[in-house]
Amino acid sequence: MIVYDGNKTDFLIGVEQDTIAEEIERNIYQKMNRRTAANEFRSWENSLEYMYKVLNDKEIPDNAGVAIEYNIPQTSKRVDIITGYSANDAPNAVIIELKQWDRVEAVDGQDGLVETYTGNALRKVVHPSYQAWSYASLIRDYNKSVQDGNIRLWPCAYLHNYRRKDNDALDRQQYQDYIKDSPAYTRGEAMQLRNFIRKCVCRGDDKKLIYAIDNGKIHPSKSLQDAITNMLKGNQEFIMLDEQKVVYEEILKKSRQSKRQNCKNTIIVKGGPGTGKTVVAVNLLAELTRQGQFAQYVSKNSAPRNVYLKKLKGHLKRSSVDNMFKGSGIYTDTELNVTDTLLVDEAHRLNAKSGMFHNMGENQIKEIIHSSLCSVFFIDERQRVTLSDIGSVEEIKKWARAEGSQVTELELVSQFRCDGSDGYLAWLDSVLEIRETANHDMREIDYDIRICDSPKQMQHMILECNRISNRSRILAGYCWDWISSGKNDTSVHDIKIGDFEISWNLGNTSTFAIDKTSVNEAGCIHSSQGLEFDYVGVIIGEDMRYEDGSVITDFEKRAKTDQSLRGIKKMNKENPIKAREIADEIIKNTYRTLMTRGMKGCYVYCVDKALQDYLKKQLKGK
């Protein structure tokens, strides 16, 4: 959807007469039923004045098409577009990402990220060249008019308030691959941007290409279909077994039915740790895309998204497949059924509100169901680990009914983690007093769990296991503050227990689970949930202890920097019984989740000596 479109002459007159920002504001309200904030209005006026300087050039055709705030389908992202024909009559569209930024800092260790001041704080965001490239890639990969019409897209960014320096952070070597394909222009470089547009648009198109793009049907390109299919071929981590294949085929059938009959289906797939929920989701993503559907893999937590994408891409730095993996908060403003199928992994982690301030949208479950013909939720209700997690089977059913979507429930039962044993999970639930089970010891269960006498002993065992295949990690409960000054320095040790010290997982990487050196840090629930290892070493902090014959939890022992239980102290003042029940569930779920990340074994150290002794006795069945 385009908020404003015209030719170059229309645009210049609108800026000169100070009417264009008002027209954009009016169109947004009429087309999207959304009011415009005062700061957003001012940013349009500011940015469009700079674009006026760029386009006010005789060599850029007067009848070149100009689209302002083009809303990329199936997203809430908007860009500006200039269209026309090249010197050899090839159809071209220049994609421009306008930025108000006046400062940028490089982020080492994380691909395509920078830091800038936005939302009243210094935050990590994507590099503007990467952002423009990804938008162009998304349009090219899913817009049938662009594909069939061979419309070439030329992305760029314009940071008109930013003063570039020698050896600027914006131009670091780590960003050069993106800048090469999507140049970034800054304050004082209007002429360079003008020259970029001139090369692409030599002859005007009277908005024909804008019309074609805006009315293009959503359909994955052949190159995208081939890319995701080829990435799965021969990848042992994504081979489906037994009932995984059965559930996969049932979801395929329902998804095809939704597409063919234009009807809504919601599928709930229940499954515990290691049952293969993600394996099924990624295979569905590939097959549905191959069949011409617009499908996306969705998760609230970025860790599984980043790791599985990296496993698919291998050494490729970037790929069109990047746009197939999305966060759960991007569907707040999308229209009805704009996607064919959304595959929601770790659905228990979904939130009500979205955005960095949790003030956007109404309910992520509702918005996902609303945005797709077929929505698939992979869920384990025993993995709710923060106060803001709302994902439950009943919540999904409620919103499916409200959206007129037919509900199907499926289940994955067989364990492919924990050495194929349901017995370990039952034992764990029993000893943590999560639920009563028949398992009182681990004698007949082929799974390597040990209770260590010291954190150093646990660390040594994990380091030895990791030498084999880089598939072992140390994890810990969130009972130690994350020291901000050392967030990217592994020598700054956040966790200290006697003479044992270790850093939290570093902030300059999003793939802790597979980084070559991250075995030297401790991961938390947020960097490990939804992922699996061969062996895990788990440090249980003082938030879970053994007292008076019971396993108790204590939310007051959580770190001040922990956001998982944000709001629990206020709840405790208003309703202490409810607060402690919820905190107890979340803390025990957290340790249950950490202790089920290992496929072959789990080595545990408890800060509380009484809990250590209790777990040792439980292992022996005493």
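A residue counts as buried when its relative accessible area is under 20%, as exposed when that value is over 50%, and as partly exposed in between. Keep those words in mind for the views below, which come from a predicted model.

**Figure 1. Helix H10 and its buried residues.**
Start with helix H10, which covers residues 243-261. Which of its residues are buried? They are Gln244, Val247, Tyr248, Ile251, Leu252, Lys254, Ser255 and Ser258. The buried residues of H10 pack against one helix segment, H11, and against the strands E10 (265-271), E13 (339-344), E14 (372-379) and E15 (406-412). You can also check the length of H10: at 1.5 Å a residue, its 19 residues should span 27 Å, and the end C-alpha atoms are indeed 27 Å apart, so the two values agree. Just after H10 comes Asn262, which has a positive phi, near 55°.

**Figure 2. The largest nonpolar core.**
In soluble globular proteins, nonpolar side chains tend to be buried together. Here the largest nonpolar core holds 123 residues, and Ile251, Tyr424 and Ile540 are the ones that touch the most other members. H11 gives the most to this core, with 8 residues. There is also a second, separate core of 34 residues, with Val54, Leu55, Ala64 and Ile68 among them. For a closer look at the surroundings of one residue, try Ile540: setting aside neighbours within four places in sequence, Ile540 is in contact with Tyr591, Met595, Val604, Tyr605, Cys606, Val607, Leu611 and Leu615.

**Figure 3. The second largest pocket.**
This view shows a space of about 410 Å³, the second largest pocket. Its lining is made of 27 residues, and those closest to the pocket centre are Glu237, Gly276, Val279, Tyr308 and Glu532. Two elements, helix H11 (277-290) and helix H12 (302-313), give two or more residues to the lining of this pocket. Which element gives the most? That is H11, with 3 residues. Sorted by class, the lining has 9 nonpolar, 9 polar and 9 charged residues.

**Figure 4. Leu232 in helix H9.**
Look for Leu232 in helix H9, which runs over residues 222-232. Is Leu232 buried or exposed? Its relative accessible area is 13%, so Leu232 is buried. Not counting residues up to four places away in sequence, Leu232 touches Phe238, Val282, Asn283, Ala286 and Leu312. Leu232 and Lys313 are 81 residues apart along the chain, yet their C-alpha atoms are separated by 9.4 Å.

**Figure 5. A buried arginine in helix H19.**
Arg592 sits in helix H19, residues 576-594. With a relative accessibility of 4%, Arg592 counts as buried. Which residues is Arg592 in contact with, leaving aside neighbours within four places in sequence? They are Pro273, Asp380, Arg382, Leu428, Asp429, Leu432 and Ile434.

**Figure 6. Helix H4, a mostly covered helix.**
Helix H4 spans residues 128-142. How many of its 15 residues are buried? The number is 14, so H4 is mostly covered, given that buried means under 20% relative accessible area. The length check works here too: at 1.5 Å a residue, the 15 residues of H4 should span 21 Å, and the end C-alpha atoms are 21 Å apart, which agrees.

**Figure 7. Four loop residues to compare.**
Asn167 lies in the loop between strand E8 (152-159) and helix H6 (176-181). Although Asn167 is not a glycine, its phi is positive, about 55°. Its relative accessibility is 78%, so Asn167 counts as exposed.

Glu433 is in the loop between helix H15 (422-431) and strand E16 (448-451). Glu433 is not a glycine either, and its phi is positive at about 60°. With a relative accessible area of 34%, Glu433 is partly exposed.

Gly149 is found in the loop between helix H5 (144-148) and E8. Its relative accessibility is 35%, so Gly149 counts as partly exposed. Gly149 and Leu209 are 60 residues apart along the chain, and their C-alpha atoms are separated by 9.2 Å.

Ser86 belongs to the loop between strand E3 (78-85) and strand E4 (91-99). At a relative accessible area of 9%, Ser86 is buried. Apart from residues up to four places away in sequence, Ser86 touches Asn92, Cys200 and Cys202.

How values were computed
Residues are numbered from 1 along each chain as its sequence is written. This is a predicted model: local features need pLDDT of at least 70, side-chain atom pairs count only at pLDDT 80 or more; totals for chains, interfaces and linings use all residues. Side-chain values use heavy atoms; hydrogens and water are left out. On a 1 Å grid over the protein atoms alone, a cavity is a set of points where a 1.4 Å probe fits but cannot get out, and a pocket is an open set with protein on both sides within 12 Å along at least five of seven lines; lining residues have an atom within 4 Å of a point. Grid points are joined across faces, edges and corners, and a volume is the space filled by probe spheres set on the points. Helices (H or I, at least four residues) and strands (E, at least two) are DSSP runs, numbered from the N terminus. Ala, Val, Leu, Ile, Met, Phe, Trp, Tyr, Cys and Pro count as nonpolar, Asp, Glu, Lys and Arg as charged, and the others, Gly among them, as polar. A nonpolar core is a set of buried Ala, Val, Leu, Ile, Met, Phe, Trp, Tyr and Cys residues joined through side-chain atoms within 4.5 Å. Buried means under 20% relative accessible area, exposed over 50%, partly exposed in between (1.4 Å probe, protein chains only). Contact means heavy atoms within 4.5 Å. The expected span of a helix is 1.5 Å times one less than its number of residues.
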